[in-house]
Amino acid sequence: MQNTKGLALEVRLSAYIDGEVNEAERKELEQLVARDDEARLVLEMLKAGNAFGNKAFEEFLHDPVPLSLVRRIKQGPGVNPKSERVVNAAPRQARLRLWPRALAASIALLLVGGSTGFIIGKTGNDGAAPVDMAAARTWLDDIADYHRIYSRQTAEHLVEVPAGNTKIESWLASSIGVNFALPDLSDKGLTFEGARLLVAAGKPVAQLMYKDEDGDVFAICFLKSRPGTTDGKMTESMRDDIAMISWQKAGAAYVVVGPSADANLQQLADAVSATI
Amino acid sequence: MRPAAESNEFRRDLVSVLPKLRRFAMTLTRNAADADDLVQEVCERAITRNHLWNGEGRLESWIYAMTRNLWIDEIRKRKVRTGGGTVDASEQDELSIEASGEKAVYANQLQKMILSMPEGLASVFLLVNVEGHSYREAADILKIPIGTVMSRLSTARMRLAAMITETTERRA
């Protein structure tokens with residue numbers, strides 16, 4: 001508790017509002033406000049300033065946090081934000097440093113692309129291949145592309161079958177061969193908007209779409225797969241502004257997709273895994 | 001808990017406080033570009049020093065204090081770079097950074113009004129009134145005496161109240 005005696009009236013009343021004065025001073029100030037119009041006016045102004053300030057500061061929280069920053073924090077050790085920040089601080093220097101990396105990346109992509117093409121060609125004739133880790137990367141890439149497009153659609157084009165249609169579960173279950181229960185994520189602040197049937201890595205995929213209060217779109221996608229040794233293990237990945245958490249469970253592969261700036265995607269994935 | 005898992009959890013916690021951290025940084029720097037740079041530097045430092053976080057109290061308080069210290073360092077460097085010489089530590093709370101101008105990027109008018117308040121007012125108001133820190137906690141984070149917290153807080157409140165009138169008159 002603070003001793004405010006001798007300080008300016010607005011300072012004393014301000015401390016009174018915060019409950020930072022002792023009992024004797026609290027009573028004294030209450031009596032003062034009761035009998036003195038000026039003191040009462042000052043108190044009202046302080047309170048009005050509080051309310052206005054609270055509202056204004058609330059606005060700050062609606063500003064998007066730079067995605068690059070979120071990514072750097074999430075990706076952890078080995079990432080040097082300062083060296084990456086050079087891109088903004090000194091573009092010319094950054095370009096000089098970046099071209100060898102770009103060349104190396106191009107070569108790496110060429111090699112990866114070539115070997116991936118070889119693998120796809122090789123397994124394409126092997127019959128129904130399970131959704132293993134290599135294939136899962138491919139279907140996740142497709143899902144990321146879908147999400148990037150669909151999440152920017154207006155409400156009427158966001159989904160194929162809107163929420164409220166009682167046949168969504170049976171339709172998708174029979175289409176992809178995976179039984180599921182529609183997750184209720186309202187306690188996570190998400191509203192179910194509806195569903196789509198997609199094709200990813202050549203397989204039918206169920207996509208359940210949700211929106212949060214800010215209008216950000218989240219999706220749960222899943223497809224049939226062979227049970228693997230990684231059952232239940234969650235893997236987080238990022239593709240630009242999209243974050244994904246994927247796992248396999250009981251003959252199906254799942255992924256939860258959302259904005260990479262969302263800090264609670266892991267909790268969301270846990271909830272989906274437990275209820276779907 | 002394994003160190004790696006501990007570090008992951010810390011990074012998750014850090015991401016979850018990012019919007020609040022950025023808001024606090026804005027009250028110090030009073031422009032978005034500097035705030036983003038500051039937040040980035042703070043996060044980098046917090047991750048490398050996360051073993052120093054004991055998990056007690058509010059993570060924000062620890063991060064905020066680090067943010068304030070880094071910003072004071074930055075101001076000091078700028079003063080030296082611009083020919084102002086070394087800065088006396090006793091002056092560091094009163095250093096002036098231009099709050100308005102073409103460089104500043106504000107999300108909206110309300111933010112602009114808040115950030116146009118004299119330096120030091122917005123930070124105290126945010127910590128105490130918006131985020132519920134005690135006077136002692138705010139004083140510790142900002143490294144200022146409690147008496148300064150009290151006077152800045154009442155000044156901030158009165159200025160904010162005056163802004164209501166300005167806003168109303170502007171609309172009319």
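Me: Two residues are in contact if their C-beta atoms, placed from the backbone, lie within 7 Å. Among contacts in chain B between residues at least 6 apart in sequence, what percentage join residues at least 24 apart?

Reply: This is a predicted model, where local features need pLDDT of at least 70 and side-chain atom pairs 80 or more, while totals for chains, interfaces and linings use all residues. Residues count from 1 along each chain as written, with chains lettered from A and ligands numbered from 1 in written order. Chain B has eight helices and zero strands (DSSP runs: H or I, at least four residues; E, at least two; numbered from the N terminus). Of its contacts between residues at least 6 apart, the share joining residues at least 24 apart is 58%.

Me: Which helix of chain B gives the most to the largest nonpolar core?

Reply: A nonpolar core joins buried Ala, Val, Leu, Ile, Met, Phe, Trp, Tyr and Cys through C-beta atoms within 7 Å; buried means 20 or more other C-beta atoms within 10 Å, exposed 12 or fewer, partly exposed in between. Among the 57 residues of this core, B:Val124, B:Phe125 and B:Ala138 touch the most other members. With eight residues, the top contributor is α6 (residues 121-130).

Me: Which strands do the buried residues of α10(A) pack against?

Reply: Helix α10 of chain A spans residues 265-275, and A:Leu265, A:Leu268, A:Ala269 and A:Val272 are buried in it. The face turned away from that buried side carries the exposed residues A:Gln267, A:Ala274 and A:Thr275. The packing partners of the buried residues, in chain A, are β4 (217-224), β6 (242-249) and β7 (252-259).
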